[in-house]
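Here is a short briefing to read alongside the model. Have the sequence and the 3D view open, and let's walk through a few local features together.

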Amino acid sequence: MTIDKIIVALDVGDEESAIALIDRLESVTFWKVGLELFTSAGPRILEVLKSRQKRIFLDLKFHDIPNTVAGACRSAARYGVDLMTVHATSGTDALKAAKEAVEEGAAQAGVKPSKLIAVTVLTSISSRQLALELKVPIELPEYALDLALMAQEVGLDGAVCSPQEVTQLRQTCGDDFVLVCPGVRPTWAAQRDQKRSLTPAQAIQAGADYLVIGRPITAAAEPELAWKQISQELTTVA
């Protein structure tokens with residue numbers, strides 16, 4: 001089902017608020033737990049989601065030296081989540097170590113290994129910021145593709161990219177490479193800090209496997225209505 005491609009971001013500050021959203025949006029099957037909620041609630045929120053048979057995207061975006069990234073991935077893999085992230089800019093040594101650590105952690109816990117995906121360029125970064133602030137001397141789409149290919153070469157399962165780069169990554173990396181797109185915004189939602197966005201239908205048509213959508217749903221006056229509107233929009237996508 002197309003709505004299974006929507007990962008709703010639980011970007012709230014505490015466990016109580018997260019559970020309230022999970023209860024309100026019963027038909028959501030895939031939830032993202034990010035830095036804010038995990039730092040506040042810890043792994044308890046993962047147990048809550050598992051007890052309700054929900055899939056989990058643990059989006060902690062690890063970025064450190066290889067040994068530290070591997071340790072974090074090994075620990076996170078023991079939770080048995082479906083997806084987890086590491087920054088591609090950690091480099092190939094860290095990505096290789098992370099991939100091996102996920103396998104080790106899952107084996108130790110007796111759970112299925114998480115799919116490990118690499119964050120390419122954050123959707124809040126513009127081409128101008130990439131060039132002038134971060135001093136990256138190539139065009140943003142080319143940079144995102146290079147990082148995704150590096151992740152694929154060392155054996156990661158996929159990448160996180162903006163909807164505006166997903167067509168190029170899909171064509172180059174192939175159909176088996178998982179592509180997750182945050183920064184997706186319906187036409188009726190505010191763009192806020194998202195610089196490289198598309199609508200949900202456009203992102204799926206461009207080649208995304210999963211869309212991460214948070215504030216247009218969770219911060220809406222009526223989250224149930226916002227979820228329903230987005231779900232209906234995606235039913236029109238072939």
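In this predicted model, Pro66, Val69, Ala70, Cys73, Arg74 and Ala77 of helix α4 meet a set of α5 residues: Asp93, Ala94, Ala97, Ala98, Ala101, Val102, Glu104, Gly105, Ala106 and Gln108. Contact here means heavy atoms within 4.5 Å. By class, 11 of the residues in this contact are nonpolar, two are polar and three are charged. For those classes, Ala, Val, Leu, Ile, Met, Phe, Trp, Tyr, Cys and Pro count as nonpolar, Asp, Glu, Lys and Arg as charged, and the others, Gly among them, as polar.

Two notes on reading the model: residues are numbered from 1 along each chain as its sequence is written. Local features need pLDDT of at least 70 and side-chain atom pairs 80 or more, while totals for chains, interfaces and linings use all residues, and side-chain values use heavy atoms, with hydrogens and water left out.

**The α4 and α5 pair**
- Helix α4 covers residues 66-77 and helix α5 residues 92-109 (helices are DSSP runs of H or I with at least four residues, strands runs of E with at least two, numbered from the N terminus).
- Their axes, lines fitted to C-alpha atoms over the stretch in contact, lie 7 Å apart at an angle of about 30°, on a scale from 0 to 180 degrees between N-to-C directions.
- That angle makes α4 roughly parallel to α5 (under 35 degrees; over 145 is roughly antiparallel, 65 to 115 roughly perpendicular and the rest oblique).
- The crossing is right-handed, meaning that the near helix is turned clockwise from the far one by less than a right angle.

**Helix α7**
- With 14 residues (140-153), α7 reaches 20 Å from its first C-alpha to its last, close to the 20 Å expected at 1.5 Å a residue (1.5 Å times one less than the number of residues).
- Its buried residues are Leu140, Tyr143, Ala144, Leu145, Leu147, Ala148 and Ala151 (buried is under 20% relative accessible area, exposed over 50%, partly exposed in between, with a 1.4 Å probe and protein chains only).
- These buried residues pack against α5, β5 (115-119), α6 (127-132), β6 (158-160) and α8 (166-173).
- Gly155 follows α7 and has a positive phi near 100°.

**Positive phi outside glycine**
- Lys61, in strand β3 (residues 55-62), has a positive phi of about 45° although it is not a glycine.
- Lys61 counts as partly exposed because its relative accessibility is 27%.
- Lys135, in the loop between α6 and α7, has a positive phi of about 60° and is exposed, at 61%.
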